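Student: I'm new to this one. Could you choose a single part, go over it closely, and then lead me outwards from there?

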Amino acid sequence: MPDLVMDSNGKPKLSGIPQDPKGVYQGDGWKYEIENISDTLTLESGQYDFNYTSPRYRTGDHLNCVNVVNIVVQQDATIVGGVFEEIKLLNNGTVTNGLFRGADVKNYGTLNCLFKSKPFGIGYHSLTAADNLAVEVLLYSFGNTESFWSDPTIYFTGTPTLTVKLDNNPIQYINGEKHYGGLTDPDKDGYQTFTPKAGEDIVLNLQHYDTDLEMTPRGFPVTTGREPIYQDDDSSKPIIGYKGNGWKYENGTLTLESGEYDFTYTKPRDTTSTRHSNHVRCNVIVNKGAAITGGILNGNSLTNSGTVKDVLIAGGWITNNGTLSCLLSTLTSGNSFTRHTVKDVNGEYFFFRANYLSSGSTDLLYFTGTPTLKVKLLSNKKITCINGDKYYGDLSDPDEEGYQTFTPQAGDDVVLNREPYVTDLVMTTDGFPVTTGREPIYQDNDPTKQVIGCKGNGWKYEIGNVSNTLTLESGSYDFTNTKPITKDGDPLEYLNVDLIVNEGVTITGGIFWLPVVSNSCTIQNSSFLKSFENHGGTVTNSIFLLQPTGVECCTLSAVDGSPITFVPNYPSPVIDYIICNRSTYYFTGTPKFTVKLKNSTIHYINGRIDYGGLTSPDGKGYQTFTPQAGDDVVLNDSIIHEPFTMTNGYPTASNGGKTACKGEGWEYILGDPEHGDFLFLSNAQIDFSKISDGSPVECKLFIGHGVAVQGGTFNGDVINNGGGILGGTFNGAVENHGTIANGVFNGAVTNIDPGTVSDSITGTGTLNGKPITPNAYTLTVTGGGLVNDKTSAVVEAGDEVCLTVGEMQEGMSFNYWDLPTALTKALTDSSSGGFSNKVEPLTFTMPDLSKYTEDKSFTIRLDIRPAELPDDDDGPSVLGTMATVAVGGAAAGILVWQGVSLGVDSYLQLSLPGGVPVPTNRRELVKLLWETAGKPDVVLPALYGDVSAEDGELQKATRWAIDNGLVKPADESDASRFDPDRSVSKYEVARAWFKVQQMLK
């Protein structure tokens, strides 16, 4: 196979070389094919120096240039020199120290060569002189033959060995180094040889490194003249990057270590350099303490620990650990920052600028942080407000180009020309929140996605696929009004959305058609027609159709379980009623119910006809009532199921005997034709001493068959119809058809067969017309005294009676026993040594009073006096020589010296109201006492005969003073006389005045 030989025109010599069937000339390690308008030389193996016409063996003549259009170097082939005017170079082998045209280069092997112009398709470096003089590169020299290339900028790839000179000006430095790349001294022709370090641009005679960061138009840092970074910081190893003042560039990444950089300038730290709109296309790292303040970043990644603001990040991944305030393209992604949007309220396109750079138009712009933005609507319409604020972010007027500047507030999505949002919650009349003019809620909080609701001050409304939900986050709401916050709208029938009520919210009314969830809120006066779920909230005076969870409720039902028609909005002011039909309702507190039963009127509730203000049916049959707190309510239940109690002598539920009522085993009946008003016991075992408030039973009592009664005092008549009386005191008439086992009977007892009466009963009454206990008397002590350790006792003639003082008022002392006249006369007549009623305790044998009076019941009054005052019979010596008497608990004192007169005078002078004279007769005394007590009302069973009937006040004052032990009757044997004009001593006045002061305390 023939060797490759080139002719003087730079093409292979083909004479004598046959073509193969495809028209290809084949040689030893090479082949050549000619096409219509191009030719291709393929080097398959071997080494070739095209400075020679016989390149394989470096023999023959000097070859000026290879003029083949396409040159292909296969894997086993190598080019070591030559000048080429190729159009395309495809290298899979090795090419070193040649000069190529560089129009279209594809390299998959080793390429260490020169290019006449910037090679297209591969990376390259430049060779220049510091003074911009032309650089001459020697390509071939043999004998007197030389070949060279001269240009101010020569391009190269890899690390070719270069022989160069600068117009006979010796090269002393390369890239700031004296011995860069093995730089030799000049030869006889002035040429010097060196080998570039991998990855460096070459600047000849550059004595110092350039430290400024400068960007190429392609968006990468200029490396020419910059200090190299060596692998492992070892200058003998490959260069992996360059560095300068506050920056470094290595392995395709620009790291900003300190300073501020505006990439709208070719030199980002020099604002006097050329401004441009080129993108930064390398990866960028911003360290803490460094900042980017402008430009467009379009590398694969940005890692920020410092500050990046007012730039457009056109793509790549962002890792942010610093301050990021910039525009973002849709191609940008990353973490540790929040994406926000800018859009026009009507969706119009707008122009925007990043710093001074025009970046096109869009209808949706992304940003993060608070970058300064310049925008202009496509229609040139002025932006008058942003997010409802005409001064938002210091919005400027349009500049000469129509752009307006503003700075978003942190966390805001921006809507241009959006008027202020309405924040109040307003409901439509069909129960939905009004959404017009409210701030929208976007799916996933992403304004690029669909609107799923709206929000306002303290509330949000979200529209779902299945249901719509209103969430109340703060504030107070009344959903009986279409304006539940301000309450100045129209009546609202009901809420027609799901409701979530959060902690701190208060609802004061409304009807809720759909499910409600309560979270630690307060709800009152409301009706819930679907499920209600409570988590720690307070719900009062509210009604539920379904049993709620998390709420303690009472129930409403009918006694027969029939459905109840309930109307929560009755009477409706807006639309037709909301009518509910259920057999059971649930409620809290005391809400007002409007209900009706299908086939009957409500006559009773919980055993009462007037329960909760139950109204009569209206024209549509509805009745209204308000349940009592804590009650389960049963309509038309005629039975009171609560425990039976008595208050003020009547069943507690009867309202003092004015209301008919019924309970389990008892009923209080009004207006019976035969018996009038009475209490009927039908199935009870009752101890009235345990169920009453201590008052005697005043109503008539009917004891049914099998009922047992005991304890207490009964002032009304009693009919025992087959029951049992086991004890108690009965002051009225008793008709017995059952059993009387025990008790005190002070009225007439009539026993009717088959009734039985025990012989153990006592009392002053009669049994079938005969005295129950002959010569038996009922003694009752008032004023705090006791008879035989009780306030009342039945005693027979011959029984021992002991009167004692019970609990004494503070500051008071025993004075005497005020006994009935008949008892006093009988005791006096039977006492040989004289009888005194001023003894405590007073013990005597009960006399037979039949010859003194026909009465069987007597009242004994314990009379007391102030402890500081003497007994009625005590003289001056009782007081001693000197004593101090407290006046009504006041701080003043009474000086009593050598007698009563001085002490009483002083006491009256100090204690009587100013200007009031000391009473001199009984008339003046009782009126003073009565008026001082506030003129209390007095029942007058009879008038005093010696007091004018026209003088009603004196009649009342007299009765009140005697009943309260302040004065005595005129005559114990004649209760009709008072003797009003009888004189009184100052002592009697002082004693009465002191006692009334004690009473008033």
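Tutor: A polar contact is a pair of N or O atoms within 3.5 Å, one able to donate a hydrogen and the other to accept it. This is a predicted model, with local features needing pLDDT of at least 70, side-chain atom pairs counting only at pLDDT 80 or more, and totals for chains, interfaces and linings using all residues. Residues are numbered from 1 along each chain as its sequence is written, and side-chain values use heavy atoms, leaving out hydrogens and water.

Let's take helix H4, which covers residues 922–932. (Helices are DSSP runs of H or I with at least four residues, strands are E runs with at least two, and both are numbered from the N terminus.) At its N-terminal end sits a cap, Asn921, with a side-chain oxygen lying 3.2 Å from the backbone nitrogen of Arg923. Just past H4 you'll meet Gly934, which has a positive phi of about 95°.

Now for the part of H4 that is tucked away. Its buried residues (under 20% relative accessible area, where exposed is over 50% and partly exposed lies in between, with a 1.4 Å probe) are Arg922, Leu925, Val926, Leu928, Leu929 and Trp930. They pack against two helices, H5 (952–963) and H6 (986–1000).

Helix H6 takes us further in. A nonpolar core is a set of buried Ala, Val, Leu, Ile, Met, Phe, Trp, Tyr and Cys residues joined through side-chain atoms within 4.5 Å. The largest one here has 49 residues, and Leu803, Trp817 and Met846 have the most contacts inside it. H6 is the biggest giver to this core, supplying 6 residues. Then there's a second, separate core of 30 residues, with Cys699, Val707, Ile740 and Phe745 among them.

Have a look at Trp817 in the largest core. Skipping residues up to four places away in sequence, Trp817 is in contact (heavy atoms within 4.5 Å) with a long list of partners, including Val781, Gly785, Leu803, Asn837, Glu840, Ile860 and Arg861.

Phe745 brings us to Phe730, since the two are in contact. Phe730 lies in strand S71, which spans residues 729–730, and is buried with 0% relative accessible area. Beyond its neighbours within four places in sequence, Phe730 also touches Phe714, Val718, Ile725, Val744, Asn746 and Gly747. Its C-alpha atom is separated by 150 Å from that of Tyr25, 705 residues apart along the chain.

Let's jump to another strand, S11, where you'll find His125. At 18% relative accessible area, His125 counts as buried. The side chains of His125 and Asp201 are joined by a polar contact of 3.2 Å. His125 also touches Ile154, Tyr155, Phe156, Gly199 and Glu200, again leaving out residues up to four places away in sequence.

To finish, the cysteines. Searching the whole structure turns up 0 disulfides, a disulfide being a pair of cysteine sulfur atoms within 2.5 Å. Take Cys113: the closest cysteine sulfur, in Cys65, is 14 Å from its own, so that is too far for a bond. Cys113 is buried at 0% relative accessibility. Cys385 has a similar story, because its sulfur is 19 Å from the closest cysteine sulfur, in Cys454, which is too far as well. Cys385 is buried too, with a relative accessible area of 4%.
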